[in-house]
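Biologist: Before I use this model at the bench, I would like to know what stands behind the words used for it. Could we go through them in turn?

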Amino acid sequence: MGGKGLLTVFCGPSGVGKGSVLKAAMAKNSGIKLSVSVTTRKPRPGEVDGKDYFFVTIEEFKKMIESDQLAEWAEYCGNYYGTPRKAIEDDLMKGHDVILEIDTAGAKSIKSKSPDAVTIFLLPPSFDELKRRIVKRGTEELSVIEKRFETARMEIGLIEMYDYVIINDDIEKA
Ligand code: 5GP
């Protein structure tokens, strides 16, 4: 993925507060573009199609893979997620800095194709705090929460692959 802008990959376990930290960072820097991913997950209350995600069916997602429309994609806790290629290529070519908020598998895939991409992992202050945040969000069933928590342990075990690790103790500082 060439271009003049900087490509940044922002990762972290479910519930760590990636969305809140990114929102705060973007409020201070209007030049950053956040890539809107495609997903087969059902929208959570309040999520808007085209803004939070492009919500698609599994068939539509598979077609996007087949026609090479995704820069990377991964399965996460039973749903598919992917980064639309064209939007990020266009933004990078225009000189915008682009942030991808994606999972660990996606980060590995992007870094292998674009070694200049900067990778950042957001860590919770503790596992207990992470679980508290996922439960407090209240958008997932217990079985899904357990699965996301298990995935979080796996993801946190891979932090050495990132260029930077940030602890989200305080949103402003993070
Ligand atoms: P959530 O369902 O909580 O919105 O997202 C679940 C996980 O999927 C998060 O770790 C999120 O960063 C990741 N994710 C979101 N969009 C993408 C994407 O386009 N590609 C990949 N690989 N992961 C994504």
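The exchange below takes up cysteines, a helix, a contact and a pocket.

Modeller: This is a predicted model, in which local features need pLDDT of at least 70 and side-chain atom pairs count only at pLDDT 80 or more, while totals for chains, interfaces and linings use all residues. Residues are numbered from 1 along each chain as its sequence is written, and side-chain values use heavy atoms, with hydrogens and water left out.

Biologist: Why is Cys-77 not counted in a disulfide with Cys-11?

Modeller: A disulfide is a pair of cysteine sulfur atoms within 2.5 Å. The closest cysteine sulfur to that of Cys-77 is in Cys-11, 14 Å away, so the two are too far apart for a bond. The structure holds 0 disulfides.

Biologist: Why is Cys-11 called buried?

Modeller: Buried means under 20% relative accessible area, exposed over 50%, and partly exposed in between (1.4 Å probe, protein chains only). Cys-11 has 1% relative accessibility, so Cys-11 counts as buried.

Biologist: What puts the buried residues of H5 on the same side of the helix?

Modeller: Helices are DSSP runs (H or I, at least four residues) and strands likewise (E, at least two), numbered from the N terminus. The buried residues of H5 are Glu-129, Leu-130, Arg-133 and Ile-134. They cover an arc of only 135° around the axis, so they lie on the same side of H5; the arc is that of the directions from the helix axis to the C-beta atoms. These buried residues pack against H6, whereas the face turned away from them carries the exposed residues Asp-128 and Lys-136.

Biologist: Which residues is Ser-109 in contact with, leaving aside its neighbours within four places in sequence?

Modeller: Contact means heavy atoms within 4.5 Å. On that basis Ser-109, which lies in helix H4, is in contact with Ala-71 and Glu-72. Ser-109 and Glu-72 are 37 residues apart in sequence, yet 6.5 Å apart in space, C-alpha to C-alpha.

Biologist: What makes a space a pocket rather than a cavity?

Modeller: On a 1 Å grid over the protein atoms alone, a cavity is a set of points where a 1.4 Å probe fits but cannot get out, while a pocket is an open set with protein on both sides within 12 Å along at least five of seven lines. Lining residues have an atom within 4 Å of a point. The largest pocket holds about 1,200 Å³ of space, and 37 residues line it, Gly-19, Arg-44, Glu-47, Tyr-53 and Glu-101 being the closest to its centre. A volume is the space filled by probe spheres set on the points, which are joined across faces, edges and corners.

Biologist: Which element gives the most to that lining?

Modeller: H1 does, with 6 residues.
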